[in-house]
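Q: Please take a close look at the surroundings of the ligand in this structure.
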Amino acid sequence: MKKIEAIIRMDKLEDLKEALTKEGLAKGMTISQVLGHGNQKGFAENFRGKKIVPTLLSKLKVEIIVKDALVDDIVEVILATVATGEIGDGKIFIFPVDDVIRIRTGERGVDAL
Ligand SMILES: Nc1ncnc2c1ncn2[C@@H]1O[C@H](COP(=O)(O)OP(=O)(O)OP(=O)(O)O)[C@@H](O)[C@H]1O
Ligand SMILES: [Mg+2]
C-alpha cells in the first residue's frame, strides 16, 4: 500500500474529488488546509539566488491510501485534474504504508481500506 499526498491549489478540490469518485479510484481521503511554499518562496516569480523571506501560501493537502496497483492511475487523474501549467500547481509525494487497521472491525491491510 502507498500514501499519495498531493498539495494542490485551494480551488481544485471539487474537480479532483469528482474525478476520483467517477473513476472509482479512492475509497477514502483526508483533506487538510496547509500553509507552505515551493521554489519561488510564495512569490509570483522566481527570485532564484536572492535571499528573501518566504511567504506561506494556503494550499490543500489531499491524502489517499491505496493498494500499489492504483497509484499510477491516481497520479494520472491528479495531474489531469489540478495542473494549470502555472507555477504553484503543487506537488505529489508518495510514501510506503506498513499497515491499515479499520477500528470498527479490526481488519488489517488492503481489507481495511
Ligand atoms: N520540497 C517540498 N517539501 C514540502 N512541501 C513542498 C515542497 N515543495 C512544494 N511543497 C508544497 O507544495 C506547495 C506548492 O509548491 P509549488 O507548486 O510552488 O512547488 P514548486 O517546486 O515551486 O513548483 P513550481 O515551480 O511549479 O511552482 C507549497 O506551497 C508547499 O506547501
Ligand atoms: Mg512554486
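A: Thirteen residues are near ligand 1, and those that come nearest are N39, Q40, G88, G90 and K91; near means that a heavy atom of the residue lies within 4 Å. This is a predicted model, in which local features need pLDDT of at least 70 and side-chain atom pairs pLDDT 80 or more, while totals for chains, interfaces and linings use all residues. Residues are numbered from 1 along each chain, chains are lettered from A and ligands numbered from 1 as written, and side-chain values use heavy atoms, without hydrogens and water.

By class, the shell of ligand 1 has three nonpolar, seven polar and three charged residues, with Gly counted as polar and Asp, Glu, Lys and Arg as charged. Polar contacts (N or O pairs within 3.5 Å) reach oxygen atoms of ligand 1 from a polar side-chain atom of K91 at 2.7 Å, from a backbone N or O atom of G90 at 2.7 Å, and from a polar side-chain atom of Q40 at 2.9 Å. Alone, ligand 1 exposes 610 Å², of which the protein buries 69% (Shrake-Rupley areas, 1.4 Å probe).

Methods. A polar contact is a pair of N or O atoms within 3.5 Å; within protein, one must be able to donate a hydrogen and the other to accept it, and residues adjacent in sequence count only if both atoms are side-chain atoms.
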